[in-house]
Amino acid sequence: MILFGVSIMGTKTDCAYFGKHLALGTWSKCHKDGSYVEHKITEQYMLILTTKRPDEIIIFGNKVLDENLISYQLKNGTKILTDNDTLVTIEHSSNKIVLMSTWGFNKYELNKAEFDYEEIDSTNLKLWKKKTLTEFHKRAESKKCPDLRTVKEKAEVEKVTPELKLEELEDIRIENIEN
């Protein structure tokens, strides 16, 4: 699994006016391919839930530094800054924010969510994760995000990711090598 950290920037006047970074909060979005994603961004962490990875909660560590929100991978409980990206706030309103990556120049449009997550329960993490994912699946189902790609766009994706038919594969014998 490859995850990368991000740094989100705003302007000093924006941050001073609101008293916190503009990207802090809970956000959701239906993507063009029909997938649904939610972001919970705080000063300490960023949670990402997506229908593309329905049984996972992706977590990054965060740190606010001046007008920047610096996010980093968490590995084995340690803070490791690798594969960083900077997301710059290019547009915002009370219910929407558009961020642009300076690494890939992708734009991320996020809509203010009408819900929030319960605080992470570190004493019963499995129960918290199960409840959080169950509520996420209910919201994703209720959104009914349509696949708005053209036939040509869908065909391009199929060219890149061909379907693997297991019944057509031959059995491969792998020798057990012991020292």
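Colleague: Why is His92 called partly exposed?
Modeller: In this predicted model, the relative accessible area of His92 is 33%. Buried means under 20% and exposed means over 50%, so 33% puts His92 in between, as partly exposed.

Colleague: Where does His92 sit, and how far is its C-alpha from that of Glu109?
Modeller: His92 belongs to strand β8, residues 85-92. Its C-alpha atom lies 9.4 Å from that of Glu109, and the two are 17 residues apart along the chain.

Colleague: What about the whole fold: how many helices and strands are there?
Modeller: The chain has 3 helices and 10 strands. Their order along the sequence is β-α-β-β-β-β-β-β-β-β-β-α-α. Of its 179 residues, 33% count as buried.

Colleague: How do you know that Cys30 and Cys145 form a disulfide?
Modeller: Their sulfur atoms are 2.0 Å apart. The cut-off is within 2.5 Å, so the pair qualifies as a disulfide. The structure holds 1 disulfide.

Colleague: What makes the disulfide of Cys30 and Cys145 left-handed?
Modeller: The torsion about its S-S bond is about -60°, so it is left-handed.

Colleague: Which parts of the chain does the pair link?
Modeller: Distant ones: Cys30 is in strand β2 (residues 25-30), while Cys145 is in the loop between α2 (125-143) and α3 (151-160), 115 residues away.

Colleague: Why do Cys30 and Cys145 get the labels they have for exposure?
Modeller: Cys145 has a relative accessible area of 14%, which is under 20%, so Cys145 is buried. Cys30 comes out at 30%, which falls between 20% and 50%, so Cys30 is partly exposed.

Colleague: And Lys144, in the loop between α2 and α3: buried or exposed?
Modeller: Exposed, because its relative accessible area is 61% and the label needs over 50%. Lys144 also has a positive phi, near 50°, in a residue other than glycine.

Colleague: What makes Glu119 exposed?
Modeller: A relative accessible area of 62%. That is over 50%, so the label holds. Glu119 is in the loop between β10 (107-112) and α2.

Colleague: Which residues is Glu119 in contact with, leaving aside neighbours within four places in sequence?
Modeller: Tyr45 and Trp128. They count as contacts because heavy atoms come within 4.5 Å. As for Thr132, 13 residues away along the chain, its C-alpha atom and that of Glu119 are separated by 10.0 Å.

Colleague: How many cavities of 30 Å³ or more does a search of the whole structure find?
Modeller: The search finds 1. About 40 Å³ of space lies in the largest cavity, and its lining is Tyr117, Glu118, Trp128, Lys131, Thr132 and Glu135.

Colleague: What makes up that lining by class?
Modeller: There are 2 nonpolar, 1 polar and 3 charged residues. Tyr117 and Trp128 are in the lining, and they count as nonpolar because Tyr and Trp are in that class.

Colleague: What is the mean pLDDT of the chain?
Modeller: The mean is 78, with 67% of residues at 70 or more. Residues 1-18 have pLDDT below 50, and beyond near neighbours in sequence that stretch has 60 contacts in the model. Where pLDDT is low, the predicted coordinates should not be read in detail.

Key:
Residues are numbered from 1 along each chain as its sequence is written. This is a predicted model: local features need pLDDT of at least 70, side-chain atom pairs count only at pLDDT 80 or more; totals for chains, interfaces and linings use all residues. Side-chain values use heavy atoms; hydrogens and water are left out. Helices (H or I, at least four residues) and strands (E, at least two) are DSSP runs, numbered from the N terminus. Buried means under 20% relative accessible area, exposed over 50%, partly exposed in between (1.4 Å probe, protein chains only). pLDDT is the predictor's confidence in each residue, from 0 to 100. On a 1 Å grid over the protein atoms alone, a cavity is a set of points where a 1.4 Å probe fits but cannot get out, and a pocket is an open set with protein on both sides within 12 Å along at least five of seven lines; lining residues have an atom within 4 Å of a point. Grid points are joined across faces, edges and corners, and a volume is the space filled by probe spheres set on the points.
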